[in-house]
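Got the viewer open? Let's take a walk through this one together, a selection at a time.

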Amino acid sequence: MGPDGRLRAAPRTFPRKDEARRWLTFAEAQMIRGEWIDPDHGKVLLADYARMWIQERPKLRPRTVELYHLLLRLHIAPYLGGAEIGQLSTPMVRSWRAELAQKSSDVMAAKAYRLLRAVLNTAVREDELIRVNPCRVPGADKEYSAERPVLTIVQVLALAKAVPERYTAMIVLSTFACLRWGEAIALQREDVDLEGRTVSVTKAYSELNGSVLVVGPTKSRAGVRTVSIPALVVPYLNDHLAKFTPDADKALIFTGAKGGALRRSNFRTGTRWGETCRALGFPGLHFHDLRHTGNTLAAQTGTSLRDLMTRMGHDSPRAALIYQHASSGADRAIADALDLLIAAAEEPADKPSTEHDQIDDGTGQNIDLVG
């Protein structure tokens, strides 16, 4: 009998009476601790519950909703969608994740696992349909993408020069202001302050089903930000605004040839992106790699983690930490800056004497330099 006074059958039959008693004792202990969950609640099918889970999250970005439905339709529902949530187990999830890793990319398998885990976390913590989340497979949520290329400043400027003039400023700004594609194409004239050298990011375009453009919020709350731009970028922007952007404050800065919002396909065609990048020596470059380059350059300045997060538009320090750790020159920049401070603070009398300094004579032997 449950806490509500209703009689319920055990989930299975037992071959011996003592096994049934042990199960009953365990169930009663769960009731006393407040951990008992009605087994009937877990009879909802995973596919049905997951679809409802996605629909009940109105704050998700359109591209995220599209991705979740894709993951559910292609990678979760065909394997586990017909199972009742209460019947899911860690071995079932482990088997599904292993099979999925063989049939799809490592990135998509990790994304599908994280979605399933999030759905079942809600089933545990909020809806109390199950007691424990079966997604407990170590490392299953990790994705190991190939390291993306990082351009040098010279290469960025060469790329900007190689594309048609309409797209030059977009490449330079997206790199050195660390902008995402959707943020860049959503910029309006009023978002740019050339005198103050800032760009305000307040919204982003999402491209759904490869064709429908929807303007909405940035990827995260931290995505709404004002980014300072290097002086190098100002002439490019100034020239672009004069030639390609209408005077209205709400006018989009970067547009297609007909003045509408810029689509990825039109950008790739207009810039002959693949051919241009191959000719310059970096085949396979993605537009997002420009932001990756800008983030890396920003980290190499030795800036603080908080300032790097703000510039990148990230809520979590995880991504910023990756860039800081990857920046081998950042620590040297700090040491060099300390050298300058030390040199400025030293009194001449405090400086070490050079009368007995030694140098290597090239043979591995040190010789004295006598003043």
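Start by selecting W273: with a relative accessibility of 8%, this tryptophan counts as buried, the cut-off for that being under 20%. Keep in mind as you click around that you are looking at a predicted model.

Now add F287 to the selection. F287 is buried too, at 8% relative accessible area. W273 and F287 make a tilted aromatic pair, with 6.3 Å from centre to centre and 50 degrees between the planes. Colour by sequence position and you'll see that the pair links distant parts of the chain: W273 sits in helix α11, F287 in the loop between α11 and α12, 14 residues apart.

Next, bring in F267. How are the rings of F267 and F287 arranged: edge-to-face, tilted or stacked? They are edge-to-face, at 5.4 Å centre to centre with 85 degrees between the planes. F267 belongs to helix α10 (residues 264-271) and F287 to the loop between α11 and α12 (288-299), so this pair ties together parts that lie 20 residues apart in sequence. F267 counts as buried, with 2% relative accessibility.

Keep those three and add Y167 and W181. Together, Y167, W181, F267, W273 and F287 form one aromatic cluster. Across the structure there are seven aromatic pairs.

Time to widen the view. The largest nonpolar core has 40 residues, and W273 and F267 are among those with the most contacts inside it, along with L159, M170, L173, I229 and F254. Which elements should you colour to see it? α6 (153-162), α7 (165-176), α8 (181-185), β2 (198-201), α9 (233-244) and α11 (273-280) each bring at least two residues to this core. The largest share comes from α7, with seven residues.

Zoom in on I229 next. Setting aside neighbours within four places in sequence, I229 touches L173, A177, R197, T198, V199, V234 and L237. For contrast, select L46, I54, L71 and L72: these are among the 31 residues of a second, separate core.

Last stop: the sheet. Show β1, β2 and β5 as ribbons; these three strands form an open, antiparallel sheet in the order β1-β2-β5. β1 (192-193) and β5 (225-228) are at the edges, each with a single partner strand, so one side of each has no neighbour in the sheet. Two antiparallel bridges pair β1 with β2. To find a bridge yourself, select V192 and look across to V199, its bridge partner in β2.

Methods
Residues numbered from 1 in each chain as written. Predicted model: local features only at pLDDT ≥ 70, side-chain atom pairs only at ≥ 80, totals over all residues. Heavy atoms only, no water. Core = buried A, V, L, I, M, F, W, Y, C linked by side-chain atoms within 4.5 Å. Buried < 20%, exposed > 50% of the residue type's maximum accessible area, 1.4 Å probe, protein only. Helix = DSSP H or I, 4+ residues; strand = E, 2+ residues; numbered from the N terminus. Contact = heavy atoms within 4.5 Å. Phe/Tyr/Trp six-rings, centres within 6.5 Å; stacked < 30°, edge-to-face > 60°. Pairing = 2+ DSSP bridges.
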